[in-house]
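Hi everyone, thanks for coming. Today I'd like to walk you through one structure, with a look at its charged pairs, its rings and one of its helices.

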Amino acid sequence: MLRILTFTTHSVPLCTASYTPIFCLRRQHFFQCPKSRHTILRAFSTPSQPGPSRDQQSDQPPKKPIISKELRENIYTIPNLLTVSRILACPVLGWSILHNDFYLATSLLVYAGLTDLADGYLARRYNMHSVIGTILDPAADKTLMTTLTVTLTMQGMLPVPLAVIILGRDILLSLSAFYIRYTTLPPPKTILRYWDFSIPSAEVRPTLISKVNTALQLGLMGTTTISPILPFELGLPLQGLQWIVATTTVWSGLSYLFSKEAVRVISQRTPKDTHIKD
């Protein structure tokens, strides 16, 4: 509350200079005012701090909206490189089977098996998990399986109906993976971002029957590939294994359609979360 006390004097001039001092009791500052015959004693109570004026508010820069940092990960890891090398070895494997070079084909199968074990061990041991690894690893298995299925069928070493079942399931799952990638990709959905695998969107978790089916398929393809260089026949055991693989292939394909845990959307997950490769 501001109180102003005014005293009027006529006998003694209060100020001989051009200005008369005014004393602020609370702040103890002197202010200058034009010469007058009056002395004004002002007592100020401590005022509250005023807010910024409109001019000051207009001068302040507008606040920038908080933009969350996009989740990215390192895809150039040793497990991923081993997986890619396994994919690149598939054309050579197919060529060796078509040219009846089953010794080279067997060597490449051994290499594929060892790299499959190595990348899984390194990812777990040195925490090199990545979302792209959960995609590359089954993709490498499917590429290997497709190469063996096509080439062995062309050589008459696998029945055509079994090849149709195996390839049909893999084609359907591949189309589903492309669709899931598009629907779970954070906006904006562009072609460059779609193929930028450092931007994770979803991870595929194989079901239990799918893991069993993959092992049985690899066992069938491997046994069929090395059978020409073995000193004994495997005709009847291979036929029984073919029927088992046909059953598990259909079963595993249906499990992806009805399992809620097969695909997990992780595009909104924080970078601190770990990615487990099955």
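Let's begin with a term we need right away: a salt bridge is a side-chain nitrogen of Lys or Arg within 4 Å of a carboxyl oxygen of Asp or Glu. Please keep in mind that what you see is a predicted model.

With that term in hand, how many salt bridges does the structure hold? There are five. Let's start with Arg86, which pairs with Asp119; their closest N and O atoms are 3.1 Å apart. These two partners come from distant parts of the chain: Arg86 belongs to helix 2, residues 78-88, and Asp119 to helix 4, residues 102-125, with their positions 33 residues apart.

Are these two residues buried or exposed? Arg86 has a relative accessible area of 2%, and Asp119 has 1%. Buried means under 20%, so Arg86 counts as buried, and so does Asp119.

Arg86 also meets the side chain of Asp137 in a salt bridge, again with 3.1 Å from N to O. Here, too, distant parts of the chain are linked: Arg86 sits in helix 2, while Asp137 is in helix 5, residues 131-154, and the two are 51 residues apart. Asp137 is buried as well, at a relative accessible area of 10%.

Now find Asp170 and Lys142, whose side chains form a salt bridge at 3.9 Å, N to O. Asp170 is in helix 6 and Lys142 in helix 5, so this pair ties together parts of the chain that are 28 residues apart in sequence. Both of these residues are buried. Coming back to Arg86, salt bridges with shared partners join Arg86, Asp116, Asp119 and Asp137 into one network.

Let's turn to the rings. How many aromatic pairs are there? The count comes to two. In one of them, the ring centres of Phe178 and Trp195 lie 6.1 Å apart, and the planes meet at 65°. Planes over 60 degrees apart count as edge-to-face, so that is the label for Phe178 and Trp195. Phe178 is in helix 6, residues 160-184, and Trp195 is in the loop between helix 7 and strand 5, 17 residues away along the chain.

The other pair is Tyr194 with Trp195: the centres are 5.1 Å apart and the planes stand at 80°, so this pair is edge-to-face too. Together, the ring pairs link Phe178, Tyr194 and Trp195 into a cluster.

How does burial look across that cluster? Phe178 is partly exposed, at 43% relative accessible area, and Trp195 is partly exposed at 49%. Tyr194, in contrast, is buried at 13%.

Rings can also have a charge sitting over them. The charged end of Arg125 sits over the ring of Tyr126, 5.1 Å from the ring's centre. Likewise, Lys189 lies over the face of Tyr182, 5.4 Å from that ring's centre.

My last stop is helix 9, residues 235-258. This helix has 24 residues and reaches 36 Å from its first C-alpha to its last, close to the 34 Å expected at 1.5 Å a residue. Which residues of helix 9 are buried? Among them are Leu238, Gln242, Val245, Ala246 and Tyr256. Try picking those out on the screen, and thanks for listening!

Notes. Residues are numbered from 1 along each chain as its sequence is written. This is a predicted model: local features need pLDDT of at least 70, side-chain atom pairs count only at pLDDT 80 or more; totals for chains, interfaces and linings use all residues. Side-chain values use heavy atoms; hydrogens and water are left out. Rings of Phe, Tyr and Trp (its six-membered ring) pair if their centres lie within 6.5 Å; planes under 30 degrees apart count as stacked, over 60 as edge-to-face and the rest as tilted. Helices (H or I, at least four residues) and strands (E, at least two) are DSSP runs, numbered from the N terminus. Buried means under 20% relative accessible area, exposed over 50%, partly exposed in between (1.4 Å probe, protein chains only). A charge sits over a ring if NZ of Lys or CZ of Arg is within 6 Å of the ring centre and within 35 degrees of the ring normal. The expected span of a helix is 1.5 Å times one less than its number of residues.
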